[in-house]
Structures are given as C-alpha cells and as structure tokens.
Amino acid sequence: MKEIDLDIKSLAYGPVTKYFNKDLWLAHLVWYEEQGYKVYKFDASKWFIIDDFYSDIHDKFEFPGYFGRNWGAVDDLITE
C-alpha cells in the first residue's frame, strides 16, 4: 500500500477510525509513527466521569490553562 493510500483510507472520515482487527490497528499505529505523525494513546478505562476525559486530554494535548472542559473547547483547540 502506498503511503498516501493509508492516510486517505483510514482518515477519510475524520481523525477517529474504528478497527475490528487489533493486529491491523497496531501495524497502522507503527506506520503513522514512522511517518512522523504524532499518535496520542489514552487509557479510557480510567475515565469514570466526563471530567476524567477532559483532564486526560488536557494533559496529553497540552491544552492551555483556559481550556473550557467541554466539547466545543476541544474542537476549537484541536483545529487551531
């Protein structure tokens, strides 16, 4: 598969892709990292309330202190 094909096929509908095959998912993660993409990994099993999610993404994405802890704020910051 050509490099551009993987980008287009797996990200065609947005930055989130659902995989049904763990080996394929792991191979794609390796490929993206080798191509210089920044891959963020989260352990959602530690998210018991929505604020846990916002705290985790605030830390991993290094959002500024004024982060509003809502989906609109996430969308604004990740699209800047």
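1. Start with the core. The largest nonpolar core in this predicted model has 8 residues: Phe53, Tyr54, Ile57, Phe63, Phe67, Ala73, Val74 and Leu77. Two elements, α3 and α4, give two or more residues each to this core. If you have the structure open, colour those two helices before anything else.

2. Now α3 itself, which runs over 50-60. Its buried residues are Phe53, Tyr54, Asp56 and Ile57. Looking down the axis of α3, you'll find these buried residues within an arc of 165°, so they line one face of the helix. The general rule behind this kind of pattern is that an α-helix has 3.6 residues a turn, so residues three or four places apart point the same way. Note that Asp56, a charged residue, is among the buried residues of α3.

3. What sits over that face? The cover on the buried residues of α3 includes α4, the helix at 71-78. Phe53 is a good residue to click on here: leaving aside residues up to four places away in sequence, Phe53 touches Trp47 and Trp71.

4. Next, the loop between α3 and α4, where two backbone angles deserve a look. Glu62 lies in this loop, and just after α3 it takes a positive phi of about 55°. Glu62 is not a glycine, yet its phi is positive. As for its surroundings, Glu62 has a relative accessible area of 70%, which is over the 50% cut-off, so it counts as exposed.

5. Arg69 is the other one. Arg69 is also placed in the loop between α3 and α4, and its phi is near 55°, again a positive value in a residue other than glycine. Buried, exposed or partly exposed? With a relative accessible area of 31%, Arg69 falls between the 20% and 50% cut-offs, so it is partly exposed.

6. Then there's the pocket. The largest pocket holds about 1100 Å³ of space. Its lining comprises 26 residues, and those closest to the centre are Pro15, Val16, Val39, Tyr40 and Phe42.

7. Which helices build that lining? At least two residues each come from α1 (3-11), α2 (22-34), α3 and α4. The most comes from α2, with 5 residues. So α3 and α4 turn up twice in this note, because each gives two or more residues to the largest nonpolar core and each supplies at least two residues of the pocket lining.

8. Last, the chemistry of the pocket lining. The split is 21 nonpolar, 3 polar and 2 charged residues.

Definitions and conventions. Residues numbered from 1 in each chain as written. Predicted model: local features only at pLDDT ≥ 70, side-chain atom pairs only at ≥ 80, totals over all residues. Heavy atoms only, no water. Helix = DSSP H or I, 4+ residues; strand = E, 2+ residues; numbered from the N terminus. Buried < 20%, exposed > 50% of the residue type's maximum accessible area, 1.4 Å probe, protein only. Core = buried A, V, L, I, M, F, W, Y, C linked by side-chain atoms within 4.5 Å. Contact = heavy atoms within 4.5 Å. 1 Å grid on protein atoms, 1.4 Å probe; cavity = no way out; pocket = protein on both sides within 12 Å on 5 of 7 lines; lining within 4 Å. Points joined across faces, edges and corners; volume = space filled by probe spheres on them. Arc of directions from axis to C-beta.
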